[in-house]
Amino acid sequence: MSKRNIIELLDPAPTRKDSKHEYLLERATGKNRRQMIRASKCMSCDNTATLFRDAASIREYQNSGFCQYCQDMYFEDAY
Ligand SMILES: [Zn+2]
């Protein structure tokens, strides 16, 4: 595994989604996406999510709430 640049995200801001979408997501996961992101937690694994590889990963986190590890697990094909 090669050494990568790491960016620390200190002030995460969840992207806006409409309230119906947020509601369905919370029903499905039992977690509130905006609260999880503001608390720097991962929607998938519940670990602290503050370290990201690049700006695209940070944008993805603020959208999906997935930490870098989970992004790599689930979105591997996207890169
Ligand atoms: Zn995770």
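**Exercise 1.** Which residue follows α3, and what is the sign of its phi?

*Solution.* The model is predicted. Step 1: go to the end of helix α3, which covers residues 55–64. Step 2: read on to Gly 65, which follows α3. Step 3: check its phi, which is positive, near 80 degrees. A second glycine can be treated in the same manner. Gly 30 comes just after α1 and takes a positive phi of about 75 degrees.

**Exercise 2.** Work out how the buried residues of α3 are arranged around the helix.

*Solution.* Step 1: list the buried residues of α3. They are Ser 57, Glu 60, Tyr 61 and Ser 64. Step 2: look down the axis of α3. The buried residues fall within an arc of 105 degrees, so they line one face of the helix. Step 3: recall the helix geometry. An α-helix has 3.6 residues a turn, so residues three or four places apart point the same way. Step 4: turn to the face away from the buried side. Ala 55 and Arg 59 are there, both exposed. Step 5: find the packing partners. The buried residues of α3 pack against β2 (51–52) and α4.

**Exercise 3.** Decide whether helix α1 lies in the open or is covered.

*Solution.* Step 1: mark α1, residues 19–29. Step 2: count the buried residues among its 11. The number is zero, so α1 lies largely in the open.

**Exercise 4.** Classify Cys 70 as buried, partly exposed or exposed.

*Solution.* Step 1: locate Cys 70 in helix α4, residues 68–74. Step 2: count other C-beta atoms within 10 Å. There are 19. Step 3: apply the cut-off. A buried residue needs 20 or more, so Cys 70 is partly exposed. Step 4: list its contacts beyond four places in sequence. These are Cys 42, Ser 44 and Cys 45.

**Exercise 5.** Name the residues of the largest nonpolar core, then trace the contacts of Cys 67.

*Solution.* Step 1: collect the six core residues: Cys 42, Ala 49, Phe 52, Tyr 61, Phe 66 and Cys 67. Step 2: set aside residues up to four places from Cys 67 in sequence. Cys 67 then touches Cys 42, Cys 45, Asn 47, Ala 49 and Tyr 61.

**Exercise 6.** Describe the whole fold: which elements, in what order, and what radius of gyration?

*Solution.* Step 1: count four helices and two strands. Step 2: order them from the N terminus as β-α-α-β-α-α. Step 3: compare radii. A compact globule of 79 residues would have a radius of gyration near 12 Å, and the protein has 12 Å, which agrees. Step 4: add the share of buried residues, 19% of the 79.

Conventions:
Residues numbered from 1 in each chain as written. Predicted model: local features only at pLDDT ≥ 70, side-chain atom pairs only at ≥ 80, totals over all residues. Core = buried A, V, L, I, M, F, W, Y, C linked by C-beta atoms within 7 Å. Buried ≥ 20, exposed ≤ 12 C-beta atoms within 10 Å, placed from the backbone. Contact = placed C-beta atoms within 7 Å. Arc of directions from axis to C-beta. Rg over C-alpha atoms; globule rule 2.2 N^0.38 Å.
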